[in-house]
There are 2 protein chains.
Amino acid sequence: MGNRVTQLFNIEYPIIQAGMVWTSGWRLCSVVSNAGALGLIGAASMSPEILKEHIQKCKAATNKSFGVNVPLLYQGIEKQMQIIVDEKVPIVFTSAGNPSAWTKQLKQHNITVVHVVSSSKFAKKAEEAGCDAVVAEGFEAGGHNGREETTTMVLVPLICEAVKIPVIAAGGIATGKQMLAAMVLGAEGVQIGSRFAVSEEASCHINFKKAIINASEGDTLLTLKQLTPVRMMRNDFFRKVQEAENNGAPKEELEQLLGKGRAKKGMFEGNLAEGELEIGQVSSVIKKIAPAAEIVEEIWQEFKETLSRPVK
Amino acid sequence: MGNRVTQLFNIEYPIIQAGMVWTSGWRLCSVVSNAGALGLIGAASMSPEILKEHIQKCKAATNKSFGVNVPLLYQGIEKQMQIIVDEKVPIVFTSAGNPSAWTKQLKQHNITVVHVVSSSKFAKKAEEAGCDAVVAEGFEAGGHNGREETTTMVLVPLICEAVKIPVIAAGGIATGKQMLAAMVLGAEGVQIGSRFAVSEEASCHINFKKAIINASEGDTLLTLKQLTPVRMMRNDFFRKVQEAENNGAPKEELEQLLGKGRAKKGMFEGNLAEGELEIGQVSSVIKKIAPAAEIVEEIWQEFKETLSRPVK
């Protein structure tokens, strides 16, 4: 199958492994790219030096396309972007910020730039900023999310109508059937996070991976809406946040409760009670830990089978 | 196209027009059924006498299948159910309550019973109670909704795996593409609300219909989570509810704020500021008021076209 997304990234399948904090380093990224999809290194949890190391190791492990995801809401972006340019990373996904901040500069270095959005308004801004594609990320998605709570089923058609550049769907997608559903809505590719978080090559803690495959419906919710809304697992930390929000806690109190290093504590160190466990709602669909290449293959096979018989 | 849903209801297209409070009376219901889909009378806003009148007028206007939707959380259900049995209504959709409460009694009168659920746990309960099908209603849907906030993209595959009876998808569906996406996920039919709320035959107020077609992303949100979660439009009344919730208002205060007749005020009397405007997130996709038969035809044509070429 060839479409604008496979052509844009020079990949075999229009499947993108999401760049995930504390989870997607060079190992996961290179294995996914070698399997015919697009791997992304998640830069958010990396110092510039660590990012450089991951990029270099990734280049040594694959000669296929790969990319780096850079959330724009953290500090130290300049150094990360300089490394990305110096190391000639071919593809950058930006998220959680203004697409006009970096797109032009990156494109001057022939880097393909994709921006992650949660509304058609920001999709248009990304297109105007010169992005090559957008990721339409629905309410279901793990981690940072939009305030409008628009789900993938509603968001993808809206964004496909709003822009001419290719749309990649994200949020609620872990299987080949969900991939096809998103593409029926008009997307030309999908970005998948949670399913790759439970790959053997993901660098997050095994406790976190087990929590994902054991998660049921309702085990993730969007919270911290007064700061930046985040979808995370319900645990002791989550309940403290909810309680504070229900009691009308001011922003400062929530910031203090969040503190520093919560995401690392949960996802990297495996503290399931006190850590911040960012993951998608689709966790409830995911049942096993597997090698990333097998995950790519399984999604693609199910996609093809469903495409050959889309309805019962 | 024939499948278990078209066979169960004896209809041409696997499209169900949702039973909607103050919106779907005999006129909308009969027109939809005559157009080859399944119309439902929304009993929630009707006294037993009014319900009887609507059923009788509907029977006079169509000889096709039609049904009544009965939310189980209101009082006076017994009288409504007696009328449904006496008038030989062939199909009942129950929602917002325990499926074991009425299913057996209705089925003894050869009535086809479908229950609306927002989780696979309740889907299994509905199957065990003897329901003929379930509606899997995602977080996107208007009106009453589940606490787990599971979206259609995630919920439909989970429920299809949990039960053997046919699954009808609801929430976030207004077009033929969205219908096909839901069916790719495993549903054998779709229930559509918001799109039919802006039909010419819908009995809700023209102000409300205009507000729906003018709605943008983020203009509906799930609220009243401490009582029964409801998706409604953001208006003055909504903001009062949000403010009370953000200030940690107790349940009683929220109940008092909600008061009586809010839904009627908004949806039937057209008071857009002070009424409760229950509608789906998919409003942002809907752009015109049209005859219901035309809506059925448009959805079905787009469904067929997309099925013939599901991906770009």
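Copies are superposed by least squares on the C-alpha atoms of residues with pLDDT of at least 70 in both. This is a predicted model, and that superposition is a handy way into it. Of the residues of chain B, A181(B) is the one that comes closest to the rotation axis, with its C-alpha at 2.1 Å. The axis itself comes from laying chain B on chain A, which takes a turn of 180° and a shift of 0.0 Å along the axis, and leaves an RMSD of 0.0 Å. That is the relation of a two-fold axis. Both copies use the same surface, too: 100% of the contact residues of chain B turn up again in chain A.

What does each chain put into the contact? There are 41 residues from chain B and 41 residues from chain A. On the side of chain B that touches chain A, three helices each supply at least two residues: α7 (152–162), α8 (176–184) and α14 (292–308) of chain B. Of the elements on that side, α8(B) gives the largest share, with six residues. As for chemical character, the side of chain B that touches chain A splits into 16 nonpolar, 17 polar and eight charged residues.

Next comes the layout of a single chain, with chain A as the example. The domain assignment gives domain 1 (4–203 + 283–308) and domain 2 (213–282) of chain A. Their C-alpha centres lie 23 Å apart, and the contact between them draws 28 residues from domain 1 of chain A and 21 residues from domain 2 of chain A. Which elements give two or more residues to the domain 1 side of this contact? In chain A, they are β7 (143–144) and α9 (194–197). The residues on that side of domain 1 of chain A come out as 11 nonpolar, 12 polar and five charged.

Chain A also holds an open sheet of eight strands, with parallel pairing and the order β1-β9-β8-β6-β5-β4-β3-β2. At the edges stand β1 (15–17) and β2 (39–42) of chain A; each has a single partner strand, so one side of each is left without a neighbour in the sheet. On average, neighbouring strands of this sheet are turned by 25° against each other, direction ignored. At the β2 end, β2(A) pairs with strand β3 (residues 66–71) of chain A in the parallel sense over four bridges. Here G42(A) stands opposite N69(A) in β3(A). Helix α2 (residues 26–34) of chain A lies across β1, β2 and β3 of chain A, and runs at about 170° to β2(A).

A smaller set of strands can be followed in chain B. It is an open sheet of three strands, in the order β7-β11-β10 and with antiparallel pairing. The edge strands are β7 (143–144) and β10 (220–223) of chain B, each of which pairs on one side only. Four bridges join β10(B) to strand β11 (residues 230–233) of chain B in the antiparallel sense. L221(B), for instance, has M232(B) in β11(B) as its bridge partner.

Last is a pair of helices in chain B. Two packed helices are described by the angle between their axes and the distance between the axes. The axes of helix α11 (residues 236–246) of chain B and helix α12 (residues 251–258) of chain B come within 10 Å and cross at roughly 170°. Angles over 145 degrees count as roughly antiparallel, so α11(B) is roughly antiparallel to α12(B). Where do the two helices meet? K240(B), V241(B) and A244(B) in α11(B) meet E253(B), L254(B) and L257(B) in α12(B). The residues of this contact of α11(B) with α12(B) divide into four nonpolar and two charged, with no polar ones.

Key. Residues numbered from 1 in each chain as written. Chains lettered and ligands numbered in written order. Predicted model: local features only at pLDDT ≥ 70, side-chain atom pairs only at ≥ 80, totals over all residues. Axes fitted to C-alpha atoms, helices over the stretch in contact; angles between N-to-C directions. Parallel < 35°, antiparallel > 145°, perpendicular 65-115°, else oblique. Contact = placed C-beta atoms within 7 Å. Nonpolar A, V, L, I, M, F, W, Y, C, P; charged D, E, K, R; others polar. Domains from an automatic or database assignment. Pairing = 2+ DSSP bridges.
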